[in-house]
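Q: Got a model here I'd like to go through. Can we start with the cysteines, then do charges?

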Amino acid sequence: MDNIRDAAMNFEAVKVSMSQDRNGIILRLNVHPNDCPPELHTDWVGTRYVVAMVRLNDQDEPEMREEHQYIERMIASAGLLCRNAEFGKYMNDVGYIDEHDPVKLERAVTDGLREHCSIKSRSEFRNDPEARKKFEQLREDFKSWKKS
């Protein structure tokens with residue numbers, strides 16, 4: 001499936017209804033006749049498809065969901081914190097890392113954050129709610145540490 005984009009049919013649709021039966025979710029979409037790919041008419045009922053859907057706003061632009069935006073900001077925040085010298089001092093002070101060489105500090109902080117959140121990459125925040133909770137708590141603890 002290397003050429004999914006090449007094989008894809010693209011069309012705009014409007015969600016009409018959604019229900020469930022013993023086989024799964026039934027999603028009904030309304031497609032304008034001018035947008036409906038001819039292949040869709042000739043494919044047999046029961047034909048399987050890989051589906052990717054993007055929600056559009058009123059200006060026909062892709063709309064990111066609030067939770068997705070929050071997670072993306074969290075990923076960026078984690079990257080910025082790892083470059084923050086004060087956060088590095090906090091990570092040393094609370095014992096998450098033991099690195100005082102400024103040249104090696106960012107790498108140590110990054111590794112310490114990953115270990116604390118039980119992730120190998122910040123991108124895992126997208127699919128790991130427990131890792132997100134750990135990071136949020138770490139960030140709150142850092143804010144409290146700064147105030148004291």
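Q: Is Cys-117 buried or exposed?
A: Cys-117 is buried, at 1% relative accessibility. Buried means under 20% relative accessible area, exposed over 50%, partly exposed in between (1.4 Å probe, protein chains only). This is a predicted model: local features need pLDDT of at least 70, side-chain atom pairs count only at pLDDT 80 or more, and totals for chains, interfaces and linings use all residues. Residues are numbered from 1 along each chain as its sequence is written, and side-chain values use heavy atoms, without hydrogens and water.

Q: And how many disulfides?
A: Zero. A disulfide here is a pair of cysteine sulfur atoms within 2.5 Å. Cys-82 is in no disulfide, with the nearest cysteine sulfur, that of Cys-117, 9.1 Å away.

Q: Why no bond for Cys-117?
A: Because its closest cysteine sulfur, in Cys-82, is 9.1 Å away, too far for a bond. Cys-82 is buried as well, at 5% relative accessibility.

Q: Switching to charges. How many salt bridges?
A: Eight. The rule is a side-chain nitrogen of Lys or Arg within 4 Å of a carboxyl oxygen of Asp or Glu.

Q: Which residue does Arg-132 pair with?
A: Glu-67, with the closest N and O atoms 3.8 Å apart. Arg-132 lies in helix α6 (residues 129-147) and Glu-67 in helix α3 (residues 66-82), so the pair ties together parts 65 residues apart in sequence. Helices are DSSP runs (H or I, at least four residues), as are strands (E, at least two), numbered from the N terminus.

Q: Is Arg-132 buried or exposed?
A: Arg-132 is buried, at 13%. Glu-67 is exposed, at 53%.

Q: What about Arg-126?
A: Arg-126 bridges to Glu-72, closest N and O atoms 2.7 Å apart. Arg-126 sits in the loop between α5 (102-117) and α6, Glu-72 in helix α3, 54 residues apart. Arg-126 is partly exposed at 38%, and Glu-72 is partly exposed at 24%.

Q: Which residues form a salt-bridge network?
A: Arg-107, Asp-111 and Arg-114 are joined into one network by salt bridges that share partners.

Q: And what does Glu-63 bridge to?
A: Arg-55, with the closest N and O atoms 3.1 Å apart. Glu-63 is partly exposed at 32%. Arg-55 is partly exposed too, at 44%.
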